Amino acid sequence: MRILLIEDEHKIAQALKRGLEQESFAVDVLYNGRQGMARALRGRFDLLILDRMLPDIRDGLDICREVRKAGIHQPILILTARDRTSDRVEGLESGADDYLVKPFSFEELLARIRALLRRPNHNIGTVLKAGDLELYPEKFEVKRDGQMIALSHKEFALLEFLIRNANRILSKDQIIQHVWDFDADILPNTVEAFIASLRKKVDRPFKGKPMINTVRGFGYQLKSPA
Ligand code: CA
């Protein structure tokens, strides 16, 4: 899952990026309001974390309002130093889904992110299933036919994206946009390499039809038996 983080404090932003990447999210960071806004309006994220106080715009909530106006419905979590009821209400009224007051613990942020991604639209529960394949996003575990499979963070993120979009054909570009952050040095054949290593771990050791399929000229598809 790909997170867009708009936060002008470099130290906080870098710490969050590192922590979230450990949890197998792809994280794009923008350090100011204008670029953040432009980026957010392109919509290519699964969740937006937005600092309310940014030096170059009046109020971070303006980004939130513009994103909603543009018809983008992904969850938005606001970070703020202010903790008055009126601020919280204003945040939620601008279209944000949740509100976290600084300083906060990373564990709490993570719990809220997980909760937001579990909501309807993203609501596939805490275990994602496709046939005999099971993926537990919160425990960072994958099993097939009851057997634990060890994956790297990127392989895990890629498999999670494939399972969440089971039976859909996904282009390499779509995969790159959701699994890697924008400054990652990623080429289409990097995707091929990761697909190949996933196959080796998820398909090859198991009997039965391979689940990860190449759709020639289009991309990849994880087939989930009905
Ligand atoms: Ca700030």
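**Two domains and a pair of helices**

The C-alpha centres of domain 1 and domain 2 lie 27 Å apart. Keep in mind that you're looking at a predicted model. To find the two parts on screen, use the domain assignment: domain 1 covers 2–121, and domain 2 covers 128–222.

So how do these two parts meet? On one side, 16 residues of domain 1 take part in the contact, and they touch 15 residues of domain 2. There's another way to describe a meeting place like this. The size of an interface is often given as the accessible area lost when the parts come together. Here, domain 1 and domain 2 bury about 1,200 Å² between them, with carbon and sulfur atoms giving 44% of that area. Three residues are worth picking out on the domain 1 side: R2, S24 and R114 supply 38% of the area that domain 1 buries against domain 2, more than any other three residues. And how many salt bridges does the rule find across the interface of domain 1 and domain 2? The count is 0.

Now let's look at two helices, α7 (residues 172–179) and α8 (residues 188–203). They pack with their axes 10 Å apart, at an angle of about 80 degrees. An angle from 65 to 115 degrees counts as roughly perpendicular, and α7 and α8 are therefore roughly perpendicular to each other. Which residues make the contact? From α7 come K172, I175 and I176, while α8 brings P188, V191 and E192. Sort the residues of this contact by character and you get 4 nonpolar and 2 charged, with no polar ones.

How values were computed
Residues are numbered from 1 along each chain as its sequence is written. This is a predicted model: local features need pLDDT of at least 70, side-chain atom pairs count only at pLDDT 80 or more; totals for chains, interfaces and linings use all residues. Side-chain values use heavy atoms; hydrogens and water are left out. Axes are lines fitted to C-alpha atoms, for helices over the stretch in contact, and angles run from 0 to 180 degrees between N-to-C directions. Helices (H or I, at least four residues) and strands (E, at least two) are DSSP runs, numbered from the N terminus. Angles under 35 degrees count as roughly parallel, over 145 as roughly antiparallel, 65 to 115 as roughly perpendicular and the rest as oblique. Contact means heavy atoms within 4.5 Å. Ala, Val, Leu, Ile, Met, Phe, Trp, Tyr, Cys and Pro count as nonpolar, Asp, Glu, Lys and Arg as charged, and the others, Gly among them, as polar. Domain bounds come from an automatic or database domain assignment. Buried area is the accessible area (1.4 Å probe) that two parts lose on being put together, summed over both. A salt bridge is a side-chain nitrogen of Lys or Arg within 4 Å of a carboxyl oxygen of Asp or Glu.
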